[in-house]
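Here are a few exercises to work through with the structure open beside you. Try each task before you read the solution.

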Amino acid sequence: MKFGFDIDDTLIKLREHAFHIYNKNLKQNVPIDVFHELTRVEIHEPFGLDAQQGADMWNRSLEEIYYTACPPYPGAVEALVELANKGHEIYYITARPREHGERTKKWMIEQGFPVQEDRFFCGMKDQEKVEIIQSLQLDYYFDDKPDVLNTLSSEQLKAFVMNQSYNQHLTIPRIVDWSELPKIIENID
Ligand SMILES: [Mg+2]
């Protein structure tokens with residue numbers, strides 16, 4: 001089987017990691033509860049930033065957000081290693097800017113994710129992910145973003161949403177905890 005994964009906020013806690021970085025660098029102390037209640041993907045509002053300031057802050061912080069100690073979700077590394085060990089193909093499809101592709105790949109390997117050189121796709125717009133997903137003929141795909149998941153519809157593909165505060169309205173199958181992955185797959189096949 002071919003499994004495709006988004007990276008940020010699907011396999012790793014990128015926005016939460018960024019939220020901590022914003023608190024530190026802006027010398028604020030916005031409680032983490034606020035993060036868990038956000039109804040949109042962007043995190044700048046609780047810090048009193050408007051959209052432009054938020055975009056600037058994100059871009060300015062990108063190096064620190066991407067390459068410091070962003071934790072994977074519990075069980076994510078283990079779940080993907082198990083899939084790979086069972087002979088399944090693992091693909092990563094991330095909308096991170098293309099110039100971050102190689103370093104991101106290296107960073108993922110350092111975290112223990114099973115990464116194969118030619119199964120790592122980076123630098124497309126969210127809306128373009130669908131073309132890659134289709135051309136790869138994936139059996140499973142996991143993502144957190146409504147904008148991406150809403151573009152996917154295919155007979156063959158089983159799409160799952162990674163549970164986040166901003167995607168509660170989506171009605172497609174949901175994964176809350178990566179340790180559930182083997183059970184989810186078993187129940188489908
Ligand atoms: Mg994502």
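**Exercise 1. Work out how many helices and strands the protein chain has, and in what pattern they come.**

Solution. This is a predicted model, so keep that in mind throughout. Start by counting: the protein chain has eight helices and six strands. Next, walk along the sequence, and you get β-α-α-α-α-β-α-β-α-β-α-β-β-α. Now for compactness: the radius of gyration is 16 Å, close to the 16 Å that the globule rule gives for 189 residues, so the chain is as compact as a globular protein of that length. Along the principal axes, the C-alpha atoms fill a box of roughly 50 × 35 × 30 Å. Of the 189 residues, 27% count as buried. Finally, look at the contacts between residues at least 6 apart in sequence: 60% of them join residues at least 24 apart.

**Exercise 2. Find the angle at which the axes of helix 1 and helix 3 cross, and list the residues that make the contact.**

Solution. Take helix 1 (residues 14–25) and helix 3 (residues 51–67): their axes come within 10 Å and cross at roughly 110°. Angles of 65 to 115 degrees count as roughly perpendicular, so helix 1 is roughly perpendicular to helix 3. Then pick out the residues. Helix 1 brings Leu 14, His 17, Ala 18, Ile 21, Tyr 22 and Asn 25, while helix 3 brings Met 57, Ser 61, Glu 64 and Ile 65. Sort the residues of this contact by type and you have six nonpolar, three polar and one charged.

**Exercise 3. Decide which residues of helix 6 are buried and which are exposed.**

Solution. Within helix 6 (residues 129–136), Lys 129, Val 130 and Ile 133 are buried. Look down the axis of helix 6: these buried residues fall within an arc of 95°, so they line one face of the helix. As a reminder, an α-helix has 3.6 residues a turn, so residues three or four places apart point the same way. Glu 131 and Ser 135, on the other side of helix 6, are exposed. What do the buried residues of helix 6 pack against? Their partners are strand 1 (2–5), strand 2 (89–94), strand 4 (140–143) and helix 7 (146–149). Just after helix 6 comes Gln 137, with a positive phi near 50°.

**Exercise 4. Locate Lys 125 and say whether it is buried or exposed.**

Solution. First, the place: Lys 125 sits in the loop between strand 3 (120–122) and helix 6. Second, count its surroundings: 9 other C-beta atoms lie within 10 Å. A residue is exposed at 12 or fewer, so Lys 125 is exposed. Last, check the distance to Ala 95: the two are 30 residues apart along the chain, yet their C-alpha atoms are separated by 5.7 Å.

Conventions:
Residues numbered from 1 in each chain as written. Predicted model: local features only at pLDDT ≥ 70, side-chain atom pairs only at ≥ 80, totals over all residues. Axes fitted to C-alpha atoms, helices over the stretch in contact; angles between N-to-C directions. Helix = DSSP H or I, 4+ residues; strand = E, 2+ residues; numbered from the N terminus. Parallel < 35°, antiparallel > 145°, perpendicular 65-115°, else oblique. Contact = placed C-beta atoms within 7 Å. Nonpolar A, V, L, I, M, F, W, Y, C, P; charged D, E, K, R; others polar. Rg over C-alpha atoms; globule rule 2.2 N^0.38 Å. Buried ≥ 20, exposed ≤ 12 C-beta atoms within 10 Å, placed from the backbone. Arc of directions from axis to C-beta.
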